[in-house]
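Here are some exercises to work through with the model open beside you. Try each task before you read its solution.

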Amino acid sequence: MDGPKRSQLRVRLRVTARRRGADGDGAGGAAGPGGRKRRMEAPVRNSVAKLQRREIGGRQLAARGGGPAAAVPERFRNMQLQEEFDTYDENAHLFVKLQFLKRRSKIIEIVAAKDIIFALANSGLCAAFDRVTNKRIAFLNLSPDEVIRSLFYNKNNDSLITVSVYAADKFSTLKCRTTPIEYIRRNQLDAGFPLFESESLKWPGFVEFDDVNGKVLTYSAQDGIYKVFELKNYSFLYSIPDENVQEIKISPGIMLLIYDRTPSYVPLKILSIEDGKQLKSFKHLLHRNKKIDFIEQFNEKLLVKQENENFQIFDVRSSELIEVSVSKFMTPSAFIFLYENNLFLTFRNRTVAVWDFRGELVTSFEDHLLWHNDCSTNNIYITSDQDLIISYCKSEAVAEDGTGNNLDTGVVQLFQLDPST
């Protein structure tokens with residue numbers, strides 16, 4: 001086999017955004033100067049048209065009157081390629097010994113930290129580029145047999161964390177390392193230091209970086225213990241014994257512990273993320289002999305879906321239960337929670353939908369077909385205002401390969417998440 005078994009290791013990264021600021025636009029039917037009522041615009045259903053209208057000042061009637069909208073620049077008019085960066089290096093054989101590290105492969109992660117861009121290739125080779133000089137600073141692989149599996153920018157202390165596996169132990173153990181951005185800029189990579197050396201992160205162990213609460217969760221399968229660390233200085237906070245814990249979900253301020261199910265219910269506990277103290281313990285009733293598709297948590301909301309059953313939204317504080325028909329809500333392959341907007345995205349069969357916690361479909365993107373069928377949220381970017389989603393999609397255009405066969409082409413697309421604008 002050429003490379004490590006990717007299915008045996010998981011690195012989970014959860015990053016959320018802030019609340020979108022108030023929009024300065026007035027109501028569509030408000031009276032204009034001289035008491036004249038502005039004409040209501042026809043609703044625009046195409047997501048691209050919505051975005052274009054918002055960004056370039058699409059209120060044509062106001063523009064004709066010579067008002068401020070007439071002077072709005074076309075913000076996308078001068079968009080053009082500024083620079084290209086290439087992680088491939090023909091001289092890679094000089095510092096790596098693994099054959100698959102020497103081959104050109106696709107980029108699976110891009111992380112921007114101030115004026116430095118990090119690009120991680122599927123092979124495990126990671127490069128840092130300086131946006132000021134547009135030069136490659138260095139490769140972050142410090143060992144000839146190091147395969148970097150994931151990156152995390154720690155804004156709490158302005159450093160980059162790399163999560164790697166090594167050929168020396170048959171790619172079975174996750175190793176974490178942090179390096180201050182300032183030292184990477186100077187190409188002083190040896191100024192970094194390893195993290196969580198006391199933890200055995202062999203399969204099925206894992207490490208999870210929680211940017212929302214500023215915490216790190218590790219699981220040592222060898223010891224059967226979960227541990228929580230401070231993300232700012234990596235100090236140990238508390239531990240949680242395994243004891244039949246099937247999974248841990250993290251939300252702002254709290255953790256949900258999901259235990260092994262019984263035929264008719266699943267035991268759950270909610271802990272404080274800061275000190276690990278138990279806040280609530282309860283049982284969620286299940287349909288017997290039906291497998292659980294997912295259990296997710298969003299603040300006080302518990303999202304539960306069983307095979308061929310209705311989607312349930314359970315409020316753990318008030319015990320209110322909302323059910324959404326199985327014909328309306330089908331099991332997604334991935335979620336993204338918009339914490340401050342109180343919405344969540346679902347991804348299924350290359351499509352994206354936005355839901356609220358009343359179980360109502362807020363919007364779907366009829367013209368947003370993702371490129372990858374088995375989508376990864378690493379390929380999705382949501383702006384800090386939570387109003388735009390940027391993803392790699394199928395293009396409506398097709399090209400021919402010279403043999404008469406149509407070739408699907410991909411394109412990076414921006415779509416508006418807020419259906420009210």
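**Exercise 1. The open sheet**

Task: In what order do the 4 strands of the open sheet run, and in what sense do they pair?

Solution: In this predicted model, the order is β2-β3-β4-β5, and the pairing is antiparallel. Next, look at the edges: β2 (107-113) and β5 (135-139) stand there, each with a single partner strand, so one side of each has no neighbour in the sheet. Finally, follow the twist, which averages 25° from one strand to the next.

**Exercise 2. One strand pair**

Task: Over how many bridges do β2 and strand β3 pair, and which residue of β3 is the bridge partner of Ile 107?

Solution: Begin with the pair as a whole: β2 and β3 (residues 116-121) are joined in the antiparallel sense over 6 bridges. Then pick out one of the partners: Ile 107 is matched with Ala 121 in β3.

**Exercise 3. Salt bridges in the whole structure**

Task: How many salt bridges does a search of the whole structure find?

Solution: The search finds 15 salt bridges. As a reminder of the principle, side chains of opposite charge can pair when their charged atoms come close.

**Exercise 4. A network**

Task: Which residues are linked with Arg 186 in a network of salt bridges?

Solution: The network links Arg 186 with Asp 115, Glu 182 and Arg 185. Now zoom in on one contact: the side chains of Arg 186 and Glu 182 meet at 3.2 Å, N to O. To place the two residues, check their accessibility. Arg 186 is partly exposed at 47% relative accessibility, and Glu 182 is partly exposed too, with a relative accessible area of 33%.

**Exercise 5. A bridge between two strands**

Task: Where do Glu 230 and Lys 215 lie, and what does their pair tie together?

Solution: First, the contact: Glu 230 forms a salt bridge with Lys 215, with the closest N and O atoms 3.7 Å apart. Glu 230 lies in strand β12 (residues 225-230) and Lys 215 in strand β11 (residues 215-220), so the pair ties together parts 15 residues apart in sequence. Last, the burial: Glu 230 is partly exposed at 21%, whereas Lys 215 is buried at 4%.

**Exercise 6. A bridge between two loops**

Task: Is Glu 309 buried or exposed?

Solution: The relative accessible area of Glu 309 is 18%; this is under 20%, so Glu 309 counts as buried. Its salt-bridge partner Lys 290, at 2.5 Å from N to O, is partly exposed at 25% relative accessibility.

Definitions and conventions: Residues are numbered from 1 along each chain as its sequence is written. This is a predicted model: local features need pLDDT of at least 70, side-chain atom pairs count only at pLDDT 80 or more; totals for chains, interfaces and linings use all residues. Side-chain values use heavy atoms; hydrogens and water are left out. A salt bridge is a side-chain nitrogen of Lys or Arg within 4 Å of a carboxyl oxygen of Asp or Glu. Buried means under 20% relative accessible area, exposed over 50%, partly exposed in between (1.4 Å probe, protein chains only). Two strands pair if DSSP finds at least two bridges between them. Axes are lines fitted to C-alpha atoms, for helices over the stretch in contact, and angles run from 0 to 180 degrees between N-to-C directions.
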